[in-house]
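Here are a few exercises to work through with the sequence and the structure side by side. Try each task before you read its solution.

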Amino acid sequence: MKRKTFIIEEYEIEIQETVQKLIAAIVKEGDIDLMIRLKYYHTPLTRRLIDSIADTIKAVGKEHEFVVDIVLETDQWKKIKQLRRKLNQYSISLDLKVSDGLQVKEIAHYKKKLLLDKIMLSCKDYDTFYQSYHRWKTAGLSIALEEYELTLKEYLQFFEEWIHDPKATWFVPFEDIISCMMTGVPAGICEHSSCMGKYLYLDQNKKVYFCAKKRENTQMYSLTENVPDLLYNEIYDNALGMAIEKRNQCAEECELFGLCRGGCPLDEKLAEACGEYIQKVSRIGEFIEKEIVNSFTDIENPCMRQFYLSLIAYGFRFSQ
Ligand code: SF4
Ligand code: SF4
């Protein structure tokens, strides 16, 4: 079954019909596991809007099952209770964007009640990320970072500290790469999971992209135009051609192909990104190899300890 993610930025009632058409077009492809990701950063989440979202999803959901993944601005996150009630037959996971005014204990209180998934930190630099991580880790949820991406130096420096922190919580980039290395399940990061055909992104200006990060050169059309094929067009086909060529080359030349699947086909700095990816994988691989020969229960980092133990519980064998 193919997983497809439909990202909608700032859903509005006016686009209900169009969104329904897009969802219907996606599920028409057949054998699709669809995830809808709603990004709310500015639109107030009113009751009417919640009703409209629920109706949109239910209209298509009568015939197809899919997962709903919702990202909300923090000052609106309590409203998710209404949405949960309306869409109780779907699985909803919540990523919370936190703001300074929020208290860690508030999040901790609602963690179980609302089944929160992860915390999103919006940071401008490493120092603010570092402080925020240590502030929010006590809520016990995975932590993701948006806007700012750690440099290679910061990533490795943070990993060295994180891996020995007895009070660590998962940092999503580590969670992703470690589970991919340990289980072989493809990474959640688009750049390392062969992205083509997996994403559709509708932004608040009604432009449609085939990219999870809405890179400029991935815009296929605007909904204000007369669009013959709602899902793909020539721009997508050209990118797909490039991606296939790149993947074939990577499959022949790179020993990390099994993990990475060819990187982002539209990244102009791909060579640099590959070098960094190789260094990250090799440092984390060193740690995994070293710790596997030691006792699992002696691992300081609680995320890693639990991860190892759950792999063993599920019958995962480290030896060949
Ligand atoms: S060469 Fe780069 S993009 Fe290709 S598989 Fe290796 S790390 Fe990934
Ligand atoms: S084009 Fe690049 S950035 Fe966009 S989804 Fe694919 S891998 Fe990710």
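**Exercise 1: a loop residue**

S194 sits in the loop between α7 and β7 (199–202). Keep in mind as you work that this is a predicted model.

Task: Decide whether S194 is buried or exposed, and describe its phi.

Solution:
- Start with the count: S194 has 21 C-beta neighbours inside 10 Å.
- Next, apply the cut-off: a residue is buried if 20 or more other C-beta atoms lie within 10 Å of its own.
- S194 therefore counts as buried.
- Finally, look at the backbone: phi of S194 is near 55 degrees, a positive value in a residue other than glycine.

**Exercise 2: another positive phi**

Task: Find where K206 lies, and work out its exposure class.

Solution:
- K206 belongs to the loop between β7 and β8 (207–209).
- Its phi is positive too, near 70 degrees, and K206 is not a glycine.
- With 16 other C-beta atoms within 10 Å, K206 is partly exposed, because that class lies between the limits of 12 or fewer for exposed and 20 or more for buried.

**Exercise 3: helix α7**

Task: Compare the span of helix α7 with the expected one, then list its buried residues.

Solution:
- Helix α7 covers residues 172–183, twelve residues in total.
- From first C-alpha to last, α7 reaches 16 Å, close to the 16 Å expected at 1.5 Å a residue.
- The buried residues of α7 are P173, F174, D176, I177, I178 and C180.
- To think about such a pattern, recall that an α-helix has 3.6 residues a turn, so residues three or four places apart point the same way.
- After the helix comes G184, with a positive phi near 80 degrees.

**Exercise 4: the start of α8**

Task: Place E234 and judge its exposure.

Solution:
- E234 is in helix α8 (residues 234–253).
- E234 has 9 C-beta neighbours inside 10 Å, so this residue counts as exposed.
- M220 is 14 residues away along the chain, yet the C-alpha atoms of M220 and E234 are separated by 8.1 Å.

**Exercise 5: ligand surroundings and core**

Task: Sort the shell around ligand 2 by class, then name the residues that touch the most other members of the largest nonpolar core.

Solution:
- Residues surrounding ligand 2 include C190, C195, C211 and C264, along with E191, K213 and R215.
- By class, this shell has seven nonpolar, one polar and three charged residues.
- In the largest nonpolar core, of 57 residues, F6, I119, I143, L200 and Y201 touch the most other members.
- Leaving out residues up to four places away in sequence, I119 touches L96, V98, W136, A139, L141 and I143.

Technical notes. Residues are numbered from 1 along each chain as its sequence is written. Chains are lettered from A and ligands numbered from 1 in the order in which they are written. This is a predicted model: local features need pLDDT of at least 70, side-chain atom pairs count only at pLDDT 80 or more; totals for chains, interfaces and linings use all residues. Helices (H or I, at least four residues) and strands (E, at least two) are DSSP runs, numbered from the N terminus. The expected span of a helix is 1.5 Å times one less than its number of residues. A residue is near a molecule or strand if its C-beta atom, placed from the backbone, lies within 6 Å of it. Ala, Val, Leu, Ile, Met, Phe, Trp, Tyr, Cys and Pro count as nonpolar, Asp, Glu, Lys and Arg as charged, and the others, Gly among them, as polar. A nonpolar core is a set of buried Ala, Val, Leu, Ile, Met, Phe, Trp, Tyr and Cys residues joined through C-beta atoms within 7 Å. Two residues are in contact if their C-beta atoms, placed from the backbone, lie within 7 Å.
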